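Work through the exercises below with the sequence and the 3D structure at hand. Try each task before reading its solution.

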Amino acid sequence: MALSYDDVIAKYEPVLGLEVHVELGTESKMFCGCNTVFGAAPNTQTCPVCLGLPGSLPVVNAKAIEYTIAIGLALNCSIAPYSRFARKNYFYPDMPKNFQTSQYDEPICVNGYLDVTIETDEGPKEFRIEIERVHMEEDTGKSLHMGGATGRIHGADYSLLDYNRAGIPLVEIVTKVVTGTGKYAPEVARAYVSELRDILRGLGVSDVKMEQGSLRCDANVSLRLIGADKLGTRSETKNVNSLRSVERAVRGEMIRHAELLNKSERVIQETRHFHEDTGLTTPGRSKEQAEDYRYFPEPDLVPVAPTNELIEKIRASLPEKPSVRRKKLQEAWQVPDKEMAAMINADVLDLVEETVKLGADPTRARSWWLGEIARIANEKAVAASELSINSKDVAEIVALIVQGELTDKLARQVVEGVINGEGRPAEIIEKRGIKVVSDDSALMAAIEKAIAAQPDVAEKVRGGHVPAAGALIGAVMKETKGQADAAKVRELLLKHLGQG
Amino acid sequence: MIKKSAAEMAAALSAGEVTSVELTQAHLDQIAKVDSDVHAFLHVDNDGAIAQARAVDEKRKSGERVSPLAGVPLALKDVLVQKGIPTTCGSKMLEGWRPPYDSTVVTRLKENGIVILGKTNMDEFAMGSSTENSAYGPTHNPWDLSRIPGGSGGGSSAALAAFEAPLAIGTDTGGSIRQPAAVTGTVGVKPTYGGVSRYGLVAFSSSLDQAGPCARTVLDAAYLHEAIGGYDRMDSTSINEPVPAVVAAAKDGNIKGMKIGVIKELQGDGYQPGVLKLFNQSLEILASLGAEIVEVSCKYFDYALAAYYLIAPSECSSNLARFDAMRYGIRVGEGSAEEVMNATRQVGFGREVKRRIILGTYALSSGYYDAYYGSAQKVRTLISRDFDNAFGKADVLVSPTAPTTAFKIGEKANDPIAMYLNDIATIPTNLAGIGGMSVPSGLAEEDGLPAGFQIMAPAMKDDRMYKVGAALEAALLTKWGKPILDNVPALGAK
């Protein structure tokens, strides 16, 4: 019998540590001039440098440094006047040099923080997440394990290597130990990644697509008895590819740890893989014998020493904080706090904003994203942004409703069609023959038919019992396959029966 | 013609007395004649060299301006990549690999119309002082085929001494240009670190490696230095300053009033008496030319060898990790990637390379890092300070290049420490990143073999070495009445 979450938090205090990797959106790679566009044919975006060919040397991408400084400043970090790259040595086929050029004891940004707000039982509450460091490194290539059942290296017949990703600039943002979140640990973790993502998007330094891996989160979780000082053993969960998964992974690991601890078993310090379908984690590489990466300063690169002038220039060009932006939106849209929180929680704020920019009124845009679309996303257990409906579709649908071309009910059919991949709204309306029946004579024919079928009901209405009209309206709607405007039908019907 | 200096060849080319094709062919003929004895080359690019020579001849014929060394042939150490030409670094590991790109040195050689004859032999991945560590067999010293030509760049120096090429490129991590120059009676220069691009130089120890010119005269080395030197944006450690005016310095050769510092720690015990005698004679000559000789002390030099054998192996353990059979080079064994990597590295690397990889892996390990790599870096700083202090008292510093003349092939093969001690006088400059040059000081009285005189200058003051080198060279030429290499026995007679 699985432990309930309430049981876990009654006894234990969760401690978090979050490591977020962000692929920077620079045009070229970290140490060479190769293109970074996602999805190119394998090994077409490579050169002697990112392939690690003998004799090749790295040259730091200045843009990547500026982006990293911007991230550090946005996260309230100090920018080191002097920082160095280091080599992290280990053998793996997708790493061309068998060392990763990273930063070790001299990162470029240190000691920052990020405040996040979540809804608690006592209303909105702010948590401060302290940032230990922000450093630069290069991404590895990608291994594709062919044959075998799991797609993992074990049991594969052979592996294919794609080095397009090798050398793409990565920034790693590492928090200090996060305590004091209590039962809200999963929500805080999620809010942190969400807020971080908004900041990065606002900075324009990354496309922050968790599904494509341009933003990846490793969640370190440990438990200790409430009141205890000593930290428990942590697990590090990787492969957490959505905000929702961040929350689920943390919660899941808390329960798993508690179950072990309750049985007086040991939590193993290891890397675990999160599975989107089950919400559970499975063990990866054990870190019991800490791997020795033999870090040493990268002799092929000179230290990074940004001038104060550069740092101040970047600081001056930082965009407004997401929290400020949200406040502005809330005021412009006249949305109550609760609705605003709901949009943030459902991760549809950006979508609503885009939809409004495309001409939809904020209330309708919000109600679609937060209502029908969020409902379907929830059903499918994906983020609204991952559905095939976009803000342009919603803006178009809203416009049709305003013009009277669609009823809410018909619009729902269109939304469903877009999400099912049947096409864009216009195509679906065309294909499905969706049309509001507003022709009075057609409606009148249907009304008369309904009255003829239910004369007793019609009589009741004539006698002044207006609520009875519902049955007749229903029949008309059925007759017109839902394409009539129900209000209009009601108006015509009541008038016809002498009640209008 | 092949016995002339590169500058003389260049003059003859420019005067139309000879074509580059003729000159190149003469050297290819010499290689065909003597290289079975010397084994300086791992690859001779006959067709490519002639094609390059023809292109230069045509350019010259059409009246286009060509650079000073255009049309002069050169031998390239096999550690620098040249597009499409096999590059092995003297290792089995890279057998058959043809790089898809040119190193910056090669690009500049090509831009200057310098004809690349082929790739020269070397200790595997430049690790060694005798060229015996080449996976393709040793190179023989043209002065005595039973002796080593120095290392790691023994192929380049032997090619010069055997008149297979008037110019060569070497690389120097702890003395691999200078010590071979010393034991073959040729000139070798390790420029200031960052003075010549490392892009395309297969790394042994990144913070120490430096490519440089090898030649038979100081002026030739200077011409080549200017051709290959200068800033390269592909190498982050390259210095963004103009190349010191080394050709002008070599032509000048006036050392009147210069202060020459003799490093106390780089003589005495362990140095062959004949080598020391030649060194002292050279000092007298320099003094007679108007230089002031002073003695300086660099007390931390005693730790240089130890620091070097921690830093260089540490960096090499990381630099050589990429040789894993996944992308290029040989591939041995089957099974998982890990099994193939293991099997390939076992077969692909020779003993000395493995020794240094293991040493470096250990030195960088957590728990040992501070004691080994960390301490070595501190020593490095102290050695730099020693140099700074010494350069406060002298314009250049001097020492014998190597403690002995060429030893016999096989003599030190099983004694790595004895082998390492050969670089005792050359290593400090690499640790400090400054320039060093070796010029012949004569033939040692006990064995009749050449010895080298080392000149060191502060960073980016390479011109000073050329001035002193040229002065000594000219004085010795006058004294001997003929170039030292005229004493090399005839080769390929059989």
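The exercises go from whole chains to single residues, and the model they use is a predicted one.

**Exercise 1. Overall description**

Task: Describe chain A by its secondary structure, its extent and its domains, and state how the model scores.

Solution:
- Step 1. Start with the scores: the model has ipTM 0.96 and pTM 0.88. For chain B, the average pLDDT is 97, and 100% of the residues score at least 70.
- Step 2. Count the elements of chain A: there are 16 helices and 14 strands.
- Step 3. Take the extent along the principal axes: the C-alpha atoms of chain A fill a box of roughly 95 × 55 × 55 Å.
- Step 4. List the domains of chain A: domain 1 covers 5–315, domain 2 covers 321–432 and domain 3 covers 440–496. Between domain 2 and domain 3 of chain A, the C-alpha centres are 32 Å apart.
- Step 5. Add burial: 43% of the 500 residues of chain A count as buried.

**Exercise 2. The contact between the chains**

Task: State how many residues each chain gives to the contact, and classify those of chain A.

Solution:
- Step 1. Chain A contributes 26 residues and chain B contributes 32 residues.
- Step 2. On the side of chain A that touches chain B, 16 residues are nonpolar, 5 are polar and 5 are charged.

**Exercise 3. A buried valine**

Task: Locate Val414(A) and explain why it counts as buried.

Solution:
- Step 1. Val414(A) sits in helix α11 of chain A, residues 408–419.
- Step 2. The cut-off for a buried residue is 20 or more other C-beta atoms within 10 Å. Val414(A) has 25 C-beta neighbours inside 10 Å, so it counts as buried.
- Step 3. Leaving out residues up to four places away in sequence, Val414(A) touches Ile397(A), Leu406(A), Pro425(A), Ile428(A), Ile429(A) and Ile434(A).
- Step 4. Compare sequence with space: Val414(A) and Arg432(A) are 18 residues apart in sequence, and their C-alpha atoms are 8.9 Å apart.

**Exercise 4. Strand pairing in chain A**

Task: Find which strands of chain A pair with β6(A), and in which sense.

Solution:
- Step 1. Strand β5 (residues 109–120) of chain A pairs with β6 (residues 123–138) of chain A over 11 bridges, in the antiparallel sense. The hairpin that joins β5(A) to β6(A) has 2 residues.
- Step 2. Use one pair of residues to find the register: Val116(A) stands opposite Phe127(A) in β6(A).
- Step 3. β6(A) is also joined by 7 bridges to strand β9 (residues 169–175) of chain A, again antiparallel. Here Arg133(A) has Val174(A) in β9(A) as its bridge partner.

**Exercise 5. The sheet of chain B**

Task: Give the strand order of the open sheet in chain B, then name its edge strands.

Solution:
- Step 1. The sheet has 11 strands with mixed pairing, in the order β1-β3-β2-β4-β6-β5-β10-β11-β9-β7-β8 (chain B).
- Step 2. The edge strands are β1 (41–44) and β8 (292–296) of chain B, since each pairs on one side only.
- Step 3. On average, and with direction ignored, neighbouring strands of this sheet are turned by 30° against each other.
- Step 4. Add a helix: α3 (residues 46–61) of chain B packs on the sheet and touches β1, β2 (73–77) and β3 (115–120) of chain B. The direction of α3(B) makes about 155° with that of β3(B).
- Step 5. Add another: helix α5 (residues 154–161) of chain B lies across β1, β2, β3, β4 (167–171), β5 and β6 (211–215) of chain B, and runs at about 160° to β4(B).

**Exercise 6. One strand and its neighbours**

Task: For β5(B), find the pairing with β10(B) and with β6(B), then sort the residues by the way they point.

Solution:
- Step 1. Strand β5 (residues 187–190) and strand β10 (residues 435–443) of chain B run antiparallel and are joined by 3 bridges. Gly188(B) stands opposite Ser438(B) in β10(B).
- Step 2. β5(B) and β6(B) pair over 2 bridges, also antiparallel. The bridge partner of Val187(B) in β6(B) is Ala215(B).
- Step 3. In a regular strand, side chains alternate between the two faces of the sheet.
- Step 4. In β5(B), Val187(B) and Val189(B) point one way, while Gly188(B) and Lys190(B) point the other way; all are buried.

Notes: Residues numbered from 1 in each chain as written. Chains lettered and ligands numbered in written order. Predicted model: local features only at pLDDT ≥ 70, side-chain atom pairs only at ≥ 80, totals over all residues. Helix = DSSP H or I, 4+ residues; strand = E, 2+ residues; numbered from the N terminus. Buried ≥ 20, exposed ≤ 12 C-beta atoms within 10 Å, placed from the backbone. Contact = placed C-beta atoms within 7 Å. Nonpolar A, V, L, I, M, F, W, Y, C, P; charged D, E, K, R; others polar. Domains from an automatic or database assignment. pLDDT = per-residue confidence, 0-100. Pairing = 2+ DSSP bridges. Axes fitted to C-alpha atoms, helices over the stretch in contact; angles between N-to-C directions.
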